[in-house]
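Thanks for making the time this morning. I would like to walk through one model with you, so please have the sequence and the coordinates open as I talk.

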Amino acid sequence: TGSTRPERILAAVQRKATKGDARSVVNTIDQYCRYQEWAMNVGDEKGAILDSIVCEVKPSVMLELGTYCGYSTVRIASMLPPNARLLTLEFNPAYAAVARQVIAWAGVEDKVVLIEGPSGDWIPKMKEEFGVTSFDLVFLDHWKDRYLPDTKLMEECGLLRTGSILLADNVICPGTPEYLEYVRGSPRYESKYFRSHLEYTRVEDGLEKSVFLG
Ligand SMILES: Nc1ncnc2c1ncn2CCCCCNC(=O)c1cc(-c2ccc(F)cc2)cc(O)c1O
Ligand SMILES: [Mg+2]
C-alpha cells in the first residue's frame with residue numbers, strides 16, 4: 001500500500017528541513033503543500049495571524065484542538081517561552097504518529113503535550129490529568145461541527161477564565177456557522193474576524209478571535 005499524505009509531508013520534512021529548526025520545518029511544509037500537494041495546515045498566511053496573536057497573548061498554557069501533521073503545533077511552540085506548555089489534541093492515531101515525528105524534528109517536543117483521542121472525552125479530564133487550571137489561549141482547528149460543543153464544554157468545565165482567548169480556524173471555509181453565531185451573539189464573548197484565505201489558495205477564509213468575558 002502507498003504512503004499517506006501526512007507520511008509524505010513527514011518525508012519532505014525529514015529530507016529537506018534542518019533538524020532542530022522549527023522555522024525550517026514550517027517553511028518546508030508550506031513549500032510542499034503549496035507546490036506538491038495541498039494539505040489542511042493553517043498555512044503561511046493565516047499562520048502569520050496566528051503568530052501575531054500568540055506573541056500578543058504570550059500564553060503560559062495553551063490548547064490546540066486538531067493537531068494533524070503538527071504544522072501549527074510547531075509554529076505555536078516555536079513562539080512560546082521555555083516554561084510555557086502547548087497541549088494538542090488529535091483524534092486520528094495516524095495523524096498523531098506523524099505529528100510526534102514532525103514535532104521532534106523541529107525540536108519543540110519539550111513544550112508540547114500531544115494527547116490522542118476525541119476532544120469531547122479529553123476536555124473534561126484536562127484538570128485532573130494535566131493539572132490545567134484554565135487555558136490562556138485555545139486554537140480550534142478540529143472537526144468544524146465540534147467547535148461549538150467543545151467551547152460550551154470548556155466553559156462548563158471551568159477551563160476558560162476572564163480574558164481567555166479562543167482562536168478558530170476555517171470559520172468561512174469549510175465554515176463553522178453555529179460556532180460563529182454563538183461567539184458573535186453571546187454577551188460573554190468579544191469577537192473579531194481576521195479575514196484571510198484558505199491555506200495555499202485564493203479562496204476566502206479567516207480566523208475568529210473571541211475573548212471570554214467570564
Ligand atoms: N481531538 C479531536 N476531537 C475530535 N475530532 C478531531 C480531533 N482531532 C482531530 N479531529 C478530526 C479533525 C479532522 C481535521 C479537521 N480540519 C479540517 O477538517 C479542515 C478542513 C479544511 C478543508 C478546506 C477546504 C476543503 F475543500 C477541504 C478541507 C481546511 C482546514 O484548515 C481544516 O482544518
Ligand atoms: Mg484548519
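In which helix does R5 lie? Before I answer, please keep in mind that this is a predicted model. R5 belongs to helix α1, which covers residues 5–16, and because its relative accessibility is 33%, R5 counts as partly exposed. The C-alpha atom of R5 is separated by 7.8 Å from that of A39, although the two residues are 34 apart along the chain.

Let me turn now to the metal site. The magnesium ion, which is ligand 2, takes its protein donors from D141 (OD), D169 (OD) and N170 (OD1), and these lie 2.0 to 2.2 Å from the ion. Read along the sequence, the donor residues follow the spacing D-x27-D-N, and both D169 and N170 are buried.

N170 deserves a second look, and I would ask where it sits and what its backbone does. N170 is placed in the loop between β5, residues 160–168, and α9, and its phi is near 65°, a positive value in a residue other than glycine. Its relative accessible area is 4%, and therefore N170 is classed as buried.

Next comes ligand 1. Which residues come nearest to ligand 1? There are 19 residues around ligand 1, and of these S119, D141, K144, N170 and E199 come nearest. Looking at individual atom pairs, an oxygen atom of ligand 1 is 2.7 Å from an N or O atom in the side chain of N170, while for the side chain of K144 the corresponding distance from a ligand 1 oxygen is 2.9 Å, and for the side chain of D169 it is 3.2 Å. Taken alone, ligand 1 exposes 700 Å², of which the protein buries 79%. The space that ligand 1 takes is the largest pocket, and the shell around ligand 1 receives at least two residues each from β2, residues 85–90, and α9, residues 171–175.

Since α9 has come up, let me add a backbone detail there: P174 has its place in helix α9, and the peptide bond that joins C173 and P174 is cis, with omega at about 5°.

From S119, listed among the residues that come nearest to ligand 1, we can step across to helix α8. The side chain of S119 makes a polar contact of 2.6 Å with the side chain of D150, and D150 lies in α8, residues 147–156. Is D150 buried or exposed? D150 counts as buried because its relative accessibility is 0%. The helix around D150 is mostly covered, with seven of the ten residues of α8 buried, and these are Y147, L148, D150, T151, L153, M154 and E155. Just after α8, G158 takes a positive phi of about 65°.

I will finish with K58, another residue with an unusual entry in the phi list if you are checking backbone angles: K58 is not a glycine, yet its phi is positive at about 45°. K58 is found in the loop between α3, residues 43–57, and β1, residues 61–65, and with a relative accessible area of 60% K58 is exposed. By contrast, N170, which also has a positive phi without being a glycine, is buried.

How values were computed:
Residues numbered from 1 in each chain as written. Chains lettered and ligands numbered in written order. Predicted model: local features only at pLDDT ≥ 70, side-chain atom pairs only at ≥ 80, totals over all residues. Heavy atoms only, no water. Donors = N, O, S within 2.8 Å, 3.2 Å for Na, K, Ca; no water. Buried < 20%, exposed > 50% of the residue type's maximum accessible area, 1.4 Å probe, protein only. Near = heavy atom within 4 Å. Polar contact = N/O pair within 3.5 Å; in protein donor to acceptor, adjacent residues only side chain to side chain. Areas by Shrake-Rupley, 256 points an atom, 1.4 Å probe, with all protein chains shown as cover. 1 Å grid on protein atoms, 1.4 Å probe; cavity = no way out; pocket = protein on both sides within 12 Å on 5 of 7 lines; lining within 4 Å. Sits in = over half its atoms within 2 Å of the grid points. Helix = DSSP H or I, 4+ residues; strand = E, 2+ residues; numbered from the N terminus.
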